[in-house]
Amino acid sequence: MKPLLKWAGRPLHIIARYMPKGLYPRALVIVIAPVVLLQSVIAYVFMERHWQTVTQRLSSAVSADIAAMIDVYESYPQDADTSALSRIAAERLSMDIDIIPNTDLPPPGPRPFFSLLDSALSSELAQQVARPFWLDTVGRSSLIEIRVKLGQNVMRILTRRNSAYASNSHIFLLWMLGTSLILLTIAVLFLRNQIRPILKLADAAEAFGKGRDAEFRPRGAREVRRAGNAFIEMKRRVERAVGERTTMLNGVSHDLRTILTRFKLSLALMERSSEIDALEKDVDEMARMLEDYLAFARGDAGEAAVETDIRALLEELKSDAERQGHQTELTVVGDPLVVIRPDAVRRLLTNLVSNAARFGDRIAIRATHDARYLIIMIDDDGPGIAPELREDVFRPFFRLDEARNVDSGGTGLGLAIARDIARAHGGDIILADSPLGGLRATVRLPV
């Protein structure tokens, strides 16, 4: 059973591979495919039933008229010049009949490949006339020429094509195609209006994921409005939770800074000694750690995204690294203006450049801004990080050298803060080997 299901599902996977991926083209396929299928079935039934049946009946009537004229010709020899026969055929049957004496039928010509008339009329003439005949349905656009062998003579008949053929069928097909195009146009316009609120909702969700505040009002069908209202409510809850956390952290920060200020004041009033200097150093380290902890917990969520010159920001970082004695290169490709949270991104890049400066001598910074992403690569020639530890270093409070103290290393929050800022923009940070021999940190931010 399972092999059978697997075999049956393979064509579906192949079809799904070539199907459109967007909601709007898929909806168009759902609307257009049944219409095309319905029109194809109608056209086939029309061709099969109407054209063949009507053409066959008209051809049968023309053949019966020709057979009647032959009977009249053979039954009334007194009409030697066939004037009466020609008059009756012209007035009653709309045919032009004359007799060609002492002649034979022309050689048969090529039969048309897609002619229902030739096939139906030939069949009816063979059944009702039962005489040798010659037929031309393509020589003249509006007439049909039929010749019947009558002893030494040949009867030539000219009749209108529409007497034996349903020639107005194309009008029905044109009406069918015209109405289908009108209905499909209405369906396309209607679908576009129905899809637009969904696209607006997707854009609002994407902007919110990048840390931007996009204006959004639920519109469209009831289900789309319900999804839009749920998104707005979720956005309010997230913003309220972030705001409450930020308020709490600001209160904690104020209280802890007050206590640290009292420590510093008390130490400043004491008599100077080596123990006092060590205590002041510990207090400064506690203040620095407190700022790092609060920055990590706060996540710079209150900052708005604005258009920023990324080249100017990177130039500042390059100048800072060069003042510390590091050889630094900077390359910016593409438009330097991007929409980001400038202070948060500055902190992100500062942490990465500081790490590169701490462990390497050479630093290379390259920024590329294309249609979809802002990609910033920071390379150094330091010792790098082992591949199995490159994800661990993003964990809060993780340090590669567990034996070192906080005086020689950081708090273990630099990369964690950097990734948290990148992901708040909808991007990420990836660590890899650098062409300089050290570590490459790649920041990818959607724009």
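## S59 and its surroundings

Let's start with S59: setting aside neighbours within four places in sequence, this residue is in contact with L117, A120, L121, E124 and A164. S59 lies in helix α2, which covers residues 23-75. Keep in mind that this is a predicted model. With a relative accessibility of 0%, S59 counts as buried, because the cut-off for that label is under 20%.

## The four-stranded sheet

Next comes a sheet that you can trace in the order β1-β4-β3-β2; it is open, and the pairing of its four strands is antiparallel. At its edges are β1 (95-100) and β2 (133-136), each of which pairs on one side only. On average, and with direction ignored, neighbouring strands here are turned by 15 degrees against each other.

If you would like to follow one pairing in detail, take β2 and β3 (residues 143-150), which are joined in the antiparallel sense over four bridges. One residue to look for is I146 in β3, the bridge partner of L135. A helix also meets this part of the chain: α3 (residues 83-92) lies across β1 and β4 (153-160), and it runs at about 160 degrees to β1.

## Two nonpolar cores

The largest nonpolar core holds 39 residues. L314, L348, L349, L352, I376, I378 and I429 have the most contacts inside this core. Its biggest contributor is helix α9 (residues 342-359), which supplies eight residues. There is also a second, separate core, this one of 21 residues, with A89, M95, V148 and L150 among them.

I429 is a good place to zoom in on the largest core. Not counting residues up to four places away in sequence, I429 touches L348, L352, F394, A418, R419, A422, T442 and V443.

## Helix α10 and the loop before it

Helix α10 spans residues 414-424, and its buried residues are L415, A416, I417, A418, R419, I421 and A422. Just after α10 comes G426, which takes a positive phi of about 85 degrees.

The loop between β9 (373-380) and α10 contains R395. Is R395 buried or exposed? Neither label fits: R395 has a relative accessibility of 44%, so it counts as partly exposed. In space, R395 meets the helix again, with 5.8 Å between its C-alpha atom and that of A416, although the two residues are 21 apart along the chain.

## Charges over rings

Two arginines are worth a look for their placement over aromatic rings. R419 lies over the face of F394, 3.7 Å from the ring centre. Both of these residues are also touched by I429. For R444, the charged end sits over the ring of Y373, at 5.1 Å from the centre of that ring.

## An aromatic pair

How many aromatic pairs are there? The count comes to one. The partners are F216 and F231, with 6.0 Å from centre to centre and 85 degrees between the planes. This pair is edge-to-face, because planes over 60 degrees apart fall in that class.

The pair links distant parts of the chain, with 15 residues separating the two partners. F216 is in the loop between α5 (169-209) and α6 (222-269), whereas F231 belongs to helix α6. Both F216 and F231 are buried.

Notes. Residues are numbered from 1 along each chain as its sequence is written. This is a predicted model: local features need pLDDT of at least 70, side-chain atom pairs count only at pLDDT 80 or more; totals for chains, interfaces and linings use all residues. Side-chain values use heavy atoms; hydrogens and water are left out. Rings of Phe, Tyr and Trp (its six-membered ring) pair if their centres lie within 6.5 Å; planes under 30 degrees apart count as stacked, over 60 as edge-to-face and the rest as tilted. Helices (H or I, at least four residues) and strands (E, at least two) are DSSP runs, numbered from the N terminus. Buried means under 20% relative accessible area, exposed over 50%, partly exposed in between (1.4 Å probe, protein chains only). A charge sits over a ring if NZ of Lys or CZ of Arg is within 6 Å of the ring centre and within 35 degrees of the ring normal. Two strands pair if DSSP finds at least two bridges between them. Axes are lines fitted to C-alpha atoms, for helices over the stretch in contact, and angles run from 0 to 180 degrees between N-to-C directions. Contact means heavy atoms within 4.5 Å. A nonpolar core is a set of buried Ala, Val, Leu, Ile, Met, Phe, Trp, Tyr and Cys residues joined through side-chain atoms within 4.5 Å.
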